Amino acid sequence: MRPILLTFAAVSVLALAVPALAKDPVPVATITVDTTQPGATINRNIFGQFAEHLGHGVYEGIWVGPSSPIPNTRGIRNDVVAALKAIKVPDVRWPGGCFADEYHWRKGIGAPEKRPATLNSNWGGVLEPNTFGTHEYLDFIDQIGSEAYISANVGSATPQESAEWLEYMTTEKATALAQERAANGHPAPYKVAYFGIGNESYGCGGSMTVEHYVDELKKFATYTKNYNPAQQGDQHMLRIAVGPSDGDEHWTEEVMKAWQTHIYSWDIDGLSLHSYSGFEHWPPSFPATGFDETAYAQVLKSTLKMETYVSKHSAIMDKYDPQKKVALVVDEWGAWYPVEKGTNPGFLFQQNSQRDAILAALNINIFARHADRVRMANIAQMINVLQAMILTDGPKMILTPTYYTFKMYVPFQDATFIPVKYDAGTYTKGDITLPRLDVIAAKGKDGKVWLSLTNLDPNQPLEVDAALLGLKAKGATGQTLTAPKLDSVNTFDAPNTVAPKSFAAKAKDGKLVLKLAPESVTVVSLD
Ligand code: AHR
């Protein structure tokens with residue numbers, strides 16, 4: 001068939017002849033925010049971070065050393081500290097991850113030049129200089145105003161090693177270990193708020209059955225004591241046991257069953273859950289950038305499984321712990337994509353797009369809805385690894401779209417959950433149907449009512465009409481995170497492509513009318 005060639009004149013005539021297409025009406029969702037029924041406190045620890053000795057997560061991301069030309073305080077980058085302070089990081093899990101079960105703390109203390117170099121067998125087989133050890137980590141925690149969450153080596157070390165590590169860090173008595181700590185520059189005891197008893201003990205943390213792990217847990221929980229006088233009684237260090245991966249209900253059952261009948265000598269305060277998203281099957285194959293709308297929808301579909309995992313494990317925990325004494329701690333979550341081209345596959349360096357900002361909001365919303373049980377979560381990982389807040393390149397630093405989700409959510413830290421009823425509507429791409437809208441509300445520590453609204457639909461804006469029970473509002477102000485393209489990212493050359501902009505909404509006929517951009521996260525407080 002001959003191609004039909006239209007001249008410019010013919011096209012113009014055709015254009016004039018076709019009546020202007022009517023614009024699709026903007027869809028409307030109605031929500032009811034019930035401020036008369038406050039729920040649980042959204043523990044600020046659900047905004048926790050994770051920093052493993054992996055790729056450039058610690059070395060270059062946090063630690064550049066005191067002699068670096070990159071501005072630093074005692075070796076820790078000042079730009080990174082300032083950025084993390086702005087998102088009020090509640091705790092940072094360290095030193096791993098898989099790395100933790102091969103970490104021996106004594107190699108990371110003392111004069112830096114005398115510390116032995118070891119191998120990081122899990123992550124690229126690179127040299128681990130041990131220049132960032134216990135003192136440097138706790139200095140970093142102090143600089144960003146956060147709390148320590150240390151993961152113990154259960155897989156390849158003894159309970160004695162963990163017990164001595166805690167004694168070294170926390171006792172005020174003049175034991176040999178405390179004197180060594182003082183000689184290394186810190187006479188006062190450190191605070192260690194959280195202590196993880198192993199990491200993924202079913203896999204890289206020792207390939208154990210849950211029955212075997214429970215026996216190890218009992219021993220480690222018995223001997224890992226915190227001696228800091230300020231951390232006794234109500235202020236005691238919280239011990240977090242290794243919990244399930246994704247939907248492994250058997251693991252949860254067995255640990256909780258053991259906990260229910262625990263004797264005086266051991267106890268735990270949390271059970272971890274690890275669940276990564278962004279892929280359909282292992283290994284991850286959906287790219288971090290340059291993806292189409294189908295991949296956008298697939299990734300968000302995968303992340304919404306978090307709701308199922310959290311609900312299932314919470315229900316099991318309820319059976320053994322109806323008073324919800326043991327928290328579900330989602331201490332590894334986030335998107336896992338193939339590494340950026342040309343980077344070390346063992347370093348897990350990936351870009352971070354507007355899709356990841358949405359993914360983060362959806363997960364935080366799930367944790368907030370389960371605030372009574374999910375009292376801690378740690379996104380993997382903080383800098384230069386997986387779904388990071390920050391990417392660095394030598395002296396340069398950029399903030400990712402995910403960072404901005406965390407920044408906009410700061411008012412939700414320790415806020416009181418407020419129920420919101422709504423019909424989310426649907427967004428469909430091919431055979432994938434997702435909710436179009438995701439909302440949470442809370443009363444902040446500042447006394448204000450805050451809303452977070454995510455429009456998952458990348459093609460259509462959404463009008464949200466909010467009815468408020470127990471409250472009148474003239475309007476709302478805050479910030480919105482949108483992006484020019486489906487897969488927009490911030491780069492070292494264009495660091496501000498995705499950044500929040502101010503947002504305002506007005507009340508009309510007793511309802512607040514919020515106009516959300518496609519594929520956006522919006523956080524507002526009511527006026
Ligand atoms: O976050 C990367 C790795 O993922 C962690 O080291 C491990 O715990 C998990 O499998």
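Biologist: Which polar side-chain atom lies 2.9 Å from an oxygen atom of the ligand?

Modeller: A polar contact is a pair of N or O atoms within 3.5 Å. In this predicted model, a polar side-chain atom of Gln381 lies 2.9 Å from a ligand oxygen. The side chain of Glu200 has an N or O atom 2.8 Å from an oxygen atom of the ligand, and for the side chain of Asn199 the distance is 3.0 Å. The protein covers 93% of the 280 Å² of accessible area that the ligand has on its own (Shrake-Rupley method, 1.4 Å probe).

Biologist: How should I treat the numbering and the confidence?

Modeller: Residues are numbered from 1 along each chain as its sequence is written, and side-chain values use heavy atoms, without hydrogens and water. Local features need pLDDT of at least 70 and side-chain atom pairs 80 or more, whereas totals for chains, interfaces and linings use all residues.

Biologist: Which residues surround the ligand?

Modeller: A residue is near a molecule if one of its heavy atoms lies within 4 Å of it. Among those around the ligand are Phe50, Glu52, Trp123, Tyr276, Glu332 and Trp336. The shell divides into 6 nonpolar, 3 polar and 3 charged residues, with Gly counted as polar and Tyr, Trp and Cys as nonpolar.

Biologist: What is the volume of the largest pocket?

Modeller: Rolling a probe the size of a water molecule over the atoms shows where empty space is left. Here the volume is about 440 Å³, the space filled by probe spheres set on the grid points. A pocket is an open set of points on a 1 Å grid where a 1.4 Å probe fits, with protein on both sides within 12 Å along at least five of seven lines; lining residues have an atom within 4 Å of a point. The ligand takes up the space of the largest pocket (more than half of its atoms lie within 2 Å of the grid points).

Technical notes
Polar contact = N/O pair within 3.5 Å; in protein donor to acceptor, adjacent residues only side chain to side chain.
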